[in-house]
Amino acid sequence: MVELHGRILVVDDEQSVRESLREWFTKDDHEVETAADAQEALAKLQNRPGEWDVALVDIKMPGMDGMELQRHIRAQDPNVLVIMITAYAAVDTAVSALKAGAYDYVTKPFDPDLLSQLIRAALVERRAQREARGVVKRSHEDPGPEIIGRSHAMQEVYELIQTVAPTDSTVVIRGESGTGKELVARAIHARSKRRYFPLIPVNCGALAESILESELFGHERGAFTGAHYRRKGKLEMAHGGTLFLDEIGNIARKTQMDLLRVLETKQFTRLGGSEVVTVDFRVVCATNRNLERALQEGDFLEELYYRINVFTITLPALRERRGDIPLLVDHFVGKYAAVMSKPVEGVTPEALDRLMRHPWPGNVRELENAVERAMVVGEPPLLRVRDFSLRLNGGAAHVGDSLEDVELEHIRRVLHEQDWDITRSAQLLGINRVTLYNKIKKYGLRRA
């Protein structure tokens, strides 16, 4: 998720207010300092010039009041965004502060959610100011995720990402499990105008219908047994940003209808509640299911299909871009060499040949898992054939077998090696538990 972390100065003569705001903003991963009066605030601003993003300033304070402090702040650092704190009775004064250059104002008592949204909006403005001055440096938060590949098929994917990212159009990302659909979703978000707000992923295929509803819509306290407090749902959390619905083809019809209503009206109510919540987010979906077939079979709502099927990106399977395997292997070896502090430089030519000939039913995710396992057992400087637990020609899987035959044997082998530990097997296969259970049922697999 793309996050905004700001440096905030809270100026208020009431200790309880200072501590409450410090706690709220710290939970949002901001750096927070407090000051009890204007003189202390100016000293802290002067000690760290140019580093502050937002100052929350109480209008009524002993000595120098908030209005005068705002003028000093603007003279000392005009880029700091000032948010005035006021009581309802002094709203006119706050409006005067806006005319004098304040970014916004808040009234006591505070609504934590609204205050967090206001701070985020201020930080978005602050980021825009910095970009306009050309002083923003690329960091681990800013760039889109790396998608490895130079093949023609991947070049087409890159072009589609660049085309659709700046728009607000709904995107459906199609492809087999493990092809990198979430990476593409994150790349679209990172290059969109919503990039300073969160991308909220929801794995629709891994959750039961009742749990998925609560995850999406949130719930009020007492909405059901165990609901001891109000909880925001993913729809609300995605406000301003992007909602990524993974495995959307597996949503039950009732939830499909509820989701369609939100996409059409941008409004919903939490489970067990009556308050209407208004949201604004972009939708990016992913599926490894044939939605057209699901539509014909009555498993997918026609109205929802046409609502989401605006722009499509189809990811190639790894077997369709084998020329990218050396690049991917180098990337994963480098990644796990750093994580494990192991000086492995690459793989032997024989091992790479074996990897190039493997059918990879689990695609890039399976390749990464294979490299990670090899990194655990292999010795520097190069990974060898014996470090990879792959069986090809002469093994259980043969060239010419159908994809389903290869997938069946691969799942059977992993289940056997993991003594039918479903959780671990699903992790190694790069799929979730529900998908693995469905494949076990599909192939009629039984524990020996």
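Colleague: Hello! Where should we start: how do strands β3 and β4 (residues 81–87) pair, in the parallel or the antiparallel sense?

Modeller: Welcome! Strand β3 pairs with strand β4 in the parallel sense, over five bridges. Keep in mind that this is a predicted model. Within that pairing, Ala55 stands opposite Val82 in β4.

Colleague: What joins β3 to strand β1 (residues 7–11)?

Modeller: Four bridges do, and these two strands run parallel. Ala55 appears here too, as the bridge partner of Leu9.

Colleague: And are the residues of β3 buried or exposed?

Modeller: Five of the five residues in β3 (residues 54–58) are buried, so this strand is largely enclosed by the rest of the structure. Look at the side chains: Val54, Leu56 and Asp58 point one way, while Ala55 and Val57 point the other way.

Colleague: Now to another sheet. In what order do the strands of the open, five-stranded sheet lie?

Modeller: The order is β7-β8-β11-β6-β12, with parallel pairing. At the edges are β7 (199–203) and β12 (311–314), each pairing on one side only. On average, neighbouring strands here are turned by 20° against each other, ignoring direction. For one pair, take β8 (residues 242–246) and β11 (residues 282–287), which are joined by five bridges. In that pair, Leu245 has Cys285 in β11 as its bridge partner.

Colleague: Which helix packs on this sheet, touching β6, β11 and β12?

Modeller: That is helix α6 (residues 152–164), whose direction makes about 155° with that of β12.

Colleague: How do I read two helices packed together?

Modeller: Two packed helices are described by the angle between their axes and by the distance between those axes. Try α6 and helix α7 (residues 181–190): their axes come within 9 Å and cross at roughly 40°. The two helices are therefore oblique to each other. The crossing is right-handed.

Colleague: Which residues of α6 and α7 meet?

Modeller: Val157, Ile161 and Val164 in α6 meet Val184, Ala187 and Ile188 in α7. By class, this contact has six nonpolar residues, no polar and no charged ones.

Colleague: At what angle do helices α17 and α18 pack?

Modeller: Helix α17 (residues 422–429) and helix α18 (residues 433–443) pack at about 95°, with their axes 9 Å apart. That angle makes α17 roughly perpendicular to α18. In the contact, Ile422, Thr423, Ser425, Ala426 and Leu429 of α17 meet Arg433, Leu436, Tyr437 and Ile440 of α18. Six of these residues are nonpolar, two polar and one charged.

Terms used: Residues are numbered from 1 along each chain as its sequence is written. This is a predicted model: local features need pLDDT of at least 70, side-chain atom pairs count only at pLDDT 80 or more; totals for chains, interfaces and linings use all residues. Side-chain values use heavy atoms; hydrogens and water are left out. Axes are lines fitted to C-alpha atoms, for helices over the stretch in contact, and angles run from 0 to 180 degrees between N-to-C directions. Angles under 35 degrees count as roughly parallel, over 145 as roughly antiparallel, 65 to 115 as roughly perpendicular and the rest as oblique. Contact means heavy atoms within 4.5 Å. Ala, Val, Leu, Ile, Met, Phe, Trp, Tyr, Cys and Pro count as nonpolar, Asp, Glu, Lys and Arg as charged, and the others, Gly among them, as polar. Two strands pair if DSSP finds at least two bridges between them. A crossing is left-handed if the near helix is turned anticlockwise from the far one by less than a right angle, and right-handed if clockwise. Buried means under 20% relative accessible area, exposed over 50%, partly exposed in between (1.4 Å probe, protein chains only).
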